[in-house]
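Trainee: Could you take me through a close look at a single part of this model, the surroundings of the ligand, and then follow the chain outward from there?

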Amino acid sequence: MGLRSGAEYLDALRDKRRIIYDGKRVDDVTAEPGFRNTAHAVAQYYDFQNLPEVRDLVTYETPDGDRAHLSFIEPRTQDDLRRRAQAFAAWAEVTCGHMGRSPDYMNACLMAVGAAQSHWGAKEAVWGQRAYDLYLDARRRDLCYTHTFVQAHTDRFTPATEQKSTLRVVRETADGPVVTGAKAVGTLAPYADANLCLGGLMPDVKDEHAHFVISFTLPMEAAGTTWICRDVMDPERSHFDAPLSGKSDEMDTVVIFEDCLIPWDNIYLYQDVELFHKQLQLMRFHDALGHHVLIRSVAKVRFLFGLAHMIAETSQVSQRTNIQERLGEFAMFLENLECLAIAAVEGAEQDATNGLWYANTKAMRTAIRLNADYYPQLIHHLMQIGGSGYVNMPQERTFDTLGSALEDYFSGASREAKEKVALYRMGWDMAGSAWGQRHELYERFFFGEHTRHRLSAYEWADKEAAMAMVRRMLTPPPSRFEPYPLPDHYRQSE
Ligand SMILES: Cc1cc2nc3c(=O)[nH]c(=O)nc-3n(C[C@H](O)[C@H](O)[C@H](O)COP(=O)(O)OP(=O)(O)OC[C@H]3O[C@@H](n4cnc5c(N)ncnc54)[C@H](O)[C@@H]3O)c2cc1C
């Protein structure tokens, strides 16, 4: 089929999906207040890829001969990765990085699942073939995916295998296993066509727990699935009043599976406990998705920097060195991310198993960790820079009613009142609104939480190279005129 249009995407959302919000079922997310703006923002992504001006920048010709978004590409050269980064960057520029889950994010994930087919199929080829077919299906139909990886937020101490909420196979049928349980957090789910569900991060799953081991995809409307929404954070107000939150709110959900049939063709990992524990590593999850995270973060931090700088200039607190220091942190972080984006491609690595190219692993891990650490810090700075300006914010209708009477009291050093208030409203939307706070939570957590980042950094680090330096310095020098013992590889063989 190839590239979808926005209208085709919206049409597909009007199906039998069971989305529950505020006690009621949402029949049509494209029309429901609080939901519809986001549906149309995702539709814009599909229309964008069809624009003649950007088509070559964001799409490629697939081996089938049709066109697909570059996020689906199986990178066979370093240049493929470069092109993919440019495609990510194009949409991130449009949204200022505010759509963490635009379809290109999960497209890269589906590619990674398919690309790991030899691992899924190591014992029986059929599982690998299914994984690849699921990828092809997503690419050919240009689907929008959500994903649900983590356990429902019930109890983080009792082993998942002992909790009622944990997704499990309750019986097998000729058509496929039947599952019951819940998964979190399905972001963008009401706007997706399908869900990738994989059980990960359950260290307590042992050989006797094979009925917890299943990775699959399923259409959003599949019988036996219910999607429970959090509060809507799009206030449906004018552009002036809600300049960011009124554009898109990627809704987070919990999915409940009740006696839900998973057709065999939708499963690529089943009851293989060893593979289950290695699956994220085998599909090079960080390398495939981290690239999207990084490129989007560059756009989002650039936007935040611009916003903080303009707010600081408006009240002239930019004259103060403590504020300049805060603004310097925005600039520094942006440059860090830009350098990582270069390293991601220039230091790209070819996978020995499938021959595909992946963004540099260290750059990806660093980008993911830095983003989770720095983003809350930048939001803290934004709040500090704006001060009480964030509560000096009349609404658009108040300007309509009182007009010039507000000018002297709400203007900035270099901006008229309405212009200044518009800027501060945007700052508040980003830093203080429910939508902005959810963005902060998202950037902190969506790729795992910071303790785990640090533990894995320590676990995966090259400790041997670091210890070798210490050991060498512990070795007494051969003579007082060779104070620094040379590393063995610089020593002439005797
Ligand atoms: C806005 C948002 C969107 C998301 N979207 C998705 C999505 O689309 N798909 C998806 O699969 N996931 C999604 N996630 C989930 C994300 O992957 C998790 O938030 C993340 O893995 C952390 O898990 P948790 O939230 O359950 O934290 P928890 O495990 O509940 O941790 C809470 C706190 O307790 C601490 N803690 C927990 N366990 C331990 C321990 N054993 N030892 C020490 N400290 C501990 C943590 O450090 C943390 O500070 C999303 C999360 C957010 C916030």
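Mentor: What follows begins at the ligand and moves from there to the helices, loops and strands around it.

The model is a predicted one, and the description should be read with that in mind. Around the ligand there are 18 residues, of which the closest are Phe 149, Val 185, Thr 187, Tyr 442 and Phe 445. By character, the residues of this shell divide into seven nonpolar, seven polar and four charged. Strand β5 (145-148) and helix α15 each supply at least two residues of the shell, and the largest share, four residues, comes from α15.

Helix α15 therefore deserves attention, since it provides that largest share of the shell, and the way its buried side is arranged can be described as well. It runs over residues 434-445, 12 residues in total, and reaches 16 Å from its first C-alpha to its last, which is close to the 16 Å expected at 1.5 Å a residue. Its buried residues are Trp 435, Gly 436, His 439 and Glu 443; because they cover an arc of only 100 degrees around the axis, they lie on the same side of α15. What covers these buried residues includes α11 (361-386) and α14 (417-431). The helix falls within a stretch that UniProt, in an unreviewed entry, annotates as "domain: HpaB/PvcC/4-BUDH C-terminal" at residues 282-474. Over residues 282-474 the chain is 75% helix and 2% strand, and its end C-alpha atoms are 39 Å apart.

Returning to the ligand, we can look at Thr 187, which is one of the closest residues to it and which the unreviewed UniProt entry covers with the annotation "binding site". Thr 187 is placed in the loop between β8 (177-184) and β9, and it counts as buried because 21 C-beta neighbours lie inside 10 Å, where 20 or more are needed. Leaving aside neighbours within four places in sequence, Thr 187 is in contact with Arg 101, Thr 146, Glu 250 and Asp 252. Val 185, also among the closest residues to the ligand, lies in the loop between β8 and β9 too. The peptide bond leading into Val 185 from Ala 184 is cis, with omega near -25 degrees.

That bond is worth a second look, as most peptide bonds are trans and most residues other than glycine have a negative phi. The backbone also has positive phi values at some residues. Met 251, which is not a glycine, has a phi near 20 degrees; this residue lies in the loop between β11 and β12 (253-261), and with 28 C-beta neighbours inside 10 Å it counts as buried. Cys 96, likewise not a glycine, has a positive phi of about 55 degrees. Its place is the loop between α4 (78-95) and α5 (103-115), where, with 19 C-beta neighbours inside 10 Å, Cys 96 counts as partly exposed. Arg 284, just after α8, takes a positive phi of about 50 degrees.

Helix α8 itself (residues 273-282) has Leu 275, Phe 276 and Gln 279 as its buried residues, and because these cover an arc of only 100 degrees around the axis, they sit on the same side of α8. They pack against α6 (117-120), β9 (194-198), β10 (214-219) and β13 (267-270). The face of α8 turned away from this buried side carries the exposed residues Glu 274, Lys 278 and Gln 281.

Two further residues complete the walk along the chain. Ile 228 belongs to strand β11 (residues 225-229), and with 17 C-beta neighbours inside 10 Å it counts as partly exposed. Not counting residues up to four places away in sequence, Ile 228 touches Ile 20, Thr 253, Val 254 and Ile 256. Ile 228 and Pro 243 are 15 residues apart in sequence, while their C-alpha atoms are 27 Å apart in space. Glu 162, by contrast, lies in the loop between β6 (150-151) and β7 (168-172) and is exposed, with 9 other C-beta atoms within 10 Å. Glu 162 and Asp 204 are 42 residues apart in sequence, yet 9.5 Å apart in space from C-alpha to C-alpha.

Conventions. Residues numbered from 1 in each chain as written. Predicted model: local features only at pLDDT ≥ 70, side-chain atom pairs only at ≥ 80, totals over all residues. UniProt positions renumbered as here; feature names shortened; annotations may be inferred. Expected span 1.5 Å × (residues − 1). Buried ≥ 20, exposed ≤ 12 C-beta atoms within 10 Å, placed from the backbone. Arc of directions from axis to C-beta. Contact = placed C-beta atoms within 7 Å. Near = placed C-beta within 6 Å. Nonpolar A, V, L, I, M, F, W, Y, C, P; charged D, E, K, R; others polar.
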